[in-house]
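Visitor: I am new to this structure. Please walk me through it, and tell me how each label is earned.

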Amino acid sequence: MDKMDYAILKSLRENARNTASTIGKEIHLSVSAVLERIRKMESTGLIKQYTIVVDQEKLGNNMTALMEVSLAHPKYYESFTDSIKNNENIVSCHYVTGDYDLMLTIYCRSAEHLEQVHRMVKGHEGVTSTKTHVVLKTAKNNYC
C-alpha cells in the first residue's frame, strides 16, 4: 500500500461508483494504473465488497441506539449472534472488552420499536444484562 492506493481507497469510500477515469483525474494517475491497483486490492482481499449507504430516516428509522449486552457465559455467544443475524434492525454486533461482552448498533422507528428489540435481546437465553444508549447526533460515521 502506498500513497496512491490510499487515495484510490479514499475516493471509492466517498463514492464506490467512481469510475477509474474519475479517480485517475483526482489523483493524477492513468486509468489503466487505477484499474490495475483496484484489481490488486480486490484480489488480495483488501477491498472486500462494494456497497451502498442507506439513509435510515428515509426508511422510517428515526432512532439509533447502541446496546451493550452481557452474556452469562461465552458458550452463549454463538447462539446469541446467530439469533440476531436475521434482525434487520440490528445492523452491527461487536464482541468487546470491558464490563459488557457485545455492542450492538440498532436502527428503529421509535422508542416503542426500540423496546421491542430490547425485549427480544433481553429475552435471549444467556443474556444477563443490557445497557442502552440512544444516539442524539452522529458526528462521524465512516463505513470502512
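Visitor: Why is Lys10 called partly exposed?

Guide: First, a caution: this is a predicted model. Lys10 has a relative accessible area of 48%. Partly exposed covers the range between 20% and 50%. Therefore Lys10 counts as partly exposed.

Visitor: What makes Lys10 and Glu14 a salt bridge?

Guide: Their closest N and O atoms are 3.3 Å apart. The cut-off is 4 Å, between a side-chain nitrogen of Lys or Arg and a carboxyl oxygen of Asp or Glu. So Lys10 and Glu14 qualify. Both residues lie in helix α1 (residues 3-14). They are four residues apart, about one turn of the helix.

Visitor: Why is Glu14 called exposed?

Guide: Its relative accessibility is 58%. Exposed means over 50%, so Glu14 is exposed.

Visitor: How many salt bridges does the structure hold?

Guide: Five. One of them joins the side chains of Lys85 and Asp82, at 3.6 Å from N to O. Lys85 counts as exposed, because its relative accessibility is 61%. Asp82 is partly exposed, with a relative accessible area of 43%.

Visitor: How do you know that Glu115 and Arg119 form a salt bridge?

Guide: Their side chains meet at 3.0 Å, N to O. The limit is 4 Å, so the pair passes. The two are four residues apart in helix α5, which means a separation of about one helical turn. Glu115 has 44% relative accessibility and so counts as partly exposed. Elsewhere, salt bridges that share partners join Asp2, Asp5 and Arg37 into one network.

Visitor: What makes His113 a buried residue?

Guide: Its relative accessibility is 7%. Buried means under 20%. So His113 is buried. His113 sits in helix α5. Leaving aside neighbours within four places in sequence, its contacts are Asn89 and Cys108.

Visitor: Why is His28 called exposed?

Guide: The relative accessible area of His28 is 68%. The bar for exposed is over 50%, so His28 clears it. This residue is in the loop between α2 (20-27) and α3. His28 also has a positive phi of about 60°, although it is not a glycine.

Visitor: Which residues have the most contacts inside the largest nonpolar core?

Guide: They are Val69, Leu71, Phe80, Ile90, Leu104, Ile106 and Val121. This core has 17 residues. Four elements give two or more residues to it: β1 (63-71), α4 (77-84), β3 (102-108) and α5 (111-122). The most come from β1, with five residues.

Visitor: What is Leu71 in contact with?

Guide: Set aside its neighbours within four places in sequence. Leu71 then touches Tyr76, Tyr77, Phe80, Asp101, Leu102, Gly126, Val127 and Thr128. There is also a second, separate core of nine residues. Among them are Ile8, Ile27, Val34 and Ile47.

Visitor: Which residues make the nonpolar surface patch of about 340 Å²?

Guide: Met1, Tyr6 and Leu46. Leu46 is in the loop between α3 (31-43) and β1.

Visitor: What makes Leu46 partly exposed?

Guide: Its relative accessible area is 44%. That falls between 20% and 50%. So partly exposed is the right label.

Visitor: What is the order of the elements along the protein?

Guide: From the N terminus on, they run α-α-α-β-α-β-β-α-β. That gives five helices and four strands.

Visitor: Why is the protein called more spread out than a compact globule?

Guide: Its radius of gyration is 20 Å. The globule rule gives 15 Å for 144 residues. The value is well over the rule, so the protein is more spread out than a compact globule. The C-alpha atoms fill a box of roughly 55 × 35 × 25 Å along the principal axes.

Visitor: What share of the 144 residues is buried?

Guide: Buried residues make up 31%. The protein exposes about 10,100 Å², and carbon and sulfur atoms supply 50% of that area.

Visitor: And among contacts between residues at least 6 apart in sequence, what share joins residues at least 24 apart?

Guide: The share is 63%.

Conventions. Residues numbered from 1 in each chain as written. Predicted model: local features only at pLDDT ≥ 70, side-chain atom pairs only at ≥ 80, totals over all residues. Heavy atoms only, no water. Core = buried A, V, L, I, M, F, W, Y, C linked by side-chain atoms within 4.5 Å. Buried < 20%, exposed > 50% of the residue type's maximum accessible area, 1.4 Å probe, protein only. Contact = heavy atoms within 4.5 Å. Patch = residues over 30% accessible without salt bridge, like charges linked within 9 Å, V, L, I, M, F, W, Y side chains within 5 Å. Areas by Shrake-Rupley, 256 points an atom, 1.4 Å probe, with all protein chains shown as cover. Rg over C-alpha atoms; globule rule 2.2 N^0.38 Å.
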